[in-house]
Amino acid sequence: MHAPRAAAAGRTASPSTARRINDRLALRLLQDEGPLTAGRLKELTGLSRPTVADLVERLRAAGLITVVGETGARRRGPNARLYGIVADHAHLLALDLRGHGATVAVADLLGHLRAERTVPVADGTPPPDAVRATLRAVDATLAAAGAATPHTVAVGAPGLIDPESGRIGGTDWIPGWHRAVVTALRARPGTSVLLENEVNLAAVAEARDGAARDRDTFVLLWLGHGTGAAVVLDGRLRRGASGGTGEIGFLPVPGTGGLPSSHGCAGGFHSLAGSAAITHLAAEHGFALRAPAPGPASAPRSAAPEPADSGPASAPGPADPAPAAEALVRAALDRADGAAFLDELAARVALGVASVSAVLDPGCVVLGGEVGRAGGPEFAARVAVQLARISPLATEVRAGTVGGRGVLRGAVLTAMDAAQDALFPGTPEPPR
């Protein structure tokens, strides 16, 4: 993909501003295209040879790029040198906080993972112990990656993230140790900490690496332990005035026998499509998992869902039924007696999709979370059929592809963007 030419920048900007624009453009090209020669940078930017030579030297002196090799067996010397971004110029830390633990990853400036580990937190663990275990995992992961202090930290957590304060709020059930971990990380010197709702981070991953790469407007509908949504309009993640955009679990819908309240989403869409509701629906259809054969080697995939796929929770309880819900959907896709269950579940999900479409008309809804991923394209197609019966708006329904690791990947991408914005030569805002 060719970047827009920037040779005209110097005609309307000061020399220093033009240099920053050109440097930033070259760095973006090196990130998107990989290592390039100075000649190739000249072709892609439209800049003069002396200008490219100057910017290469500036970026090398700043430690942002270096010679990573040569191109062509017959070409030698300065014109054959390949320049690439110094990925270890800064390190990124990503955390995916869940009710049952945390996953920690360290990546380089280009978003490549260098180390990762998961720390479980059992029910009833005292919050100080959970915080200490998580911070020990952070330090161990940094050490394994050969990193000292991360430049940028991005944390994905359930609940409302206030856009003004950047703090978790508005939900009483959020584990207290989540807030304490974020506070402890923010107290560490030399590190910028970003906090984001986990479904929003999963949407970032779907937009960059997953099912929505070709869309600048879409909604991610998370189907997991609970339900949630992330809204991306015109390429921008929308959070709302209080961080509550996408709290679809509280959406009043028919068929629940009640209404949600300000203190809980029972009676809302969560009561139709949360994991507990899915397991109850399967039981109503007389559909249950077959008991797995003894031994881990013979256990069917449908009876052994991946634990890493637990997603955002709107109403967590002592027992997490999400794995059972995921396994039920997987198994139903392979069995003839699962069709009626899948169709009714698709009709329930379509209610949420139709409501979102009626307000936002995104044109595309991606089904994410462990249940959305378990259903795959076949379940997405069933939802699309049900949606067409109740909504006049053309809305494509896609299966998410990033899976349960979408939150962690979205955190890495968010940290990478923030670090690059801080480290790469910036384009100043025009004077007001």
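## Strands β13 and β14 and their sheet

In this predicted model, strand β13, residues 364-368, runs parallel to β14, and four bridges join the two. V365 has V397 of β14 standing opposite. Helix α12, which spans residues 369-390, packs on the sheet and touches β10, β13 and β14. The direction of α12 makes about 145 degrees with that of β13.

The pair belongs to an open sheet of five strands, ordered β12-β11-β10-β13-β14, in which the pairing is mixed. At the edges stand β12 (236-238) and β14 (396-399); each has a single partner strand, so one side of each is left without a neighbour in the sheet. On average, and with direction ignored, neighbouring strands of this sheet are turned by 25 degrees against each other. Helix α7 (residues 198-209) lies across four of its strands, namely β10 (218-223), β11 (227-233), β12 and β13. Relative to β10, α7 runs at about 125 degrees.

## The hairpin of β4 and β5

Strands β4 (residues 101-108) and β5 (residues 113-120) pair in the antiparallel sense, with seven bridges between them. A107 stands opposite L113 of β5. The two strands form a hairpin with four residues between them. In the turn, G111 has a positive phi of about 85 degrees.

On β3, residues 91-98, the pairing with β4 is also described by bridges: eight of them join the two strands, which run antiparallel. A107 in β4 is the bridge partner of L92. Residue A107 therefore appears in both pairings, opposite L113 in β5 and as the partner of L92.

## The sheet around the hairpin

β4 and β5 are part of an open five-stranded sheet with the order β5-β4-β3-β6-β9 and mixed pairing. Its edges are β5 and β9 (192-197), each with a single partner strand, so that one side of each is left without a neighbour in the sheet. Neighbouring strands here are turned by 15 degrees against each other on average, direction ignored.

Helix α5, residues 127-144, packs on this sheet and touches β3, β4 and β5. Its direction makes about 160 degrees with that of β5. Helix α7 packs on the sheet as well, touching β3, β6 (152-157) and β9. The direction of α7 makes about 95 degrees with that of β9. Helix α7 thus has contacts in this sheet and also lies across strands of the sheet that holds β13.

## Helices α3 and α4

Two packed helices are described by the angle between their axes and the distance between the axes. For α3 (residues 38-45) and α4 (residues 49-61), the axes come within 9 Å and cross at roughly 120 degrees. The crossing of α3 and α4 is right-handed.

From α3, residues A38, L41, K42 and T45 meet R49, V52 and V56 of α4. By class, this contact has four nonpolar, one polar and two charged residues.

## The protein as a whole

The protein has 13 helices and 14 strands. Of its 432 residues, 49% count as buried. Among contacts with a separation of 6 or more, 66% are accounted for by residues 24 or more positions apart. The accessible surface of the protein comes to about 19500 Å², and carbon and sulfur atoms hold 54% of this area.

Methods. Residues numbered from 1 in each chain as written. Predicted model: local features only at pLDDT ≥ 70, side-chain atom pairs only at ≥ 80, totals over all residues. Heavy atoms only, no water. Axes fitted to C-alpha atoms, helices over the stretch in contact; angles between N-to-C directions. Left-handed = near helix turned anticlockwise from the far one by under 90°. Contact = heavy atoms within 4.5 Å. Nonpolar A, V, L, I, M, F, W, Y, C, P; charged D, E, K, R; others polar. Pairing = 2+ DSSP bridges. Buried < 20%, exposed > 50% of the residue type's maximum accessible area, 1.4 Å probe, protein only. Areas by Shrake-Rupley, 256 points an atom, 1.4 Å probe, with all protein chains shown as cover.
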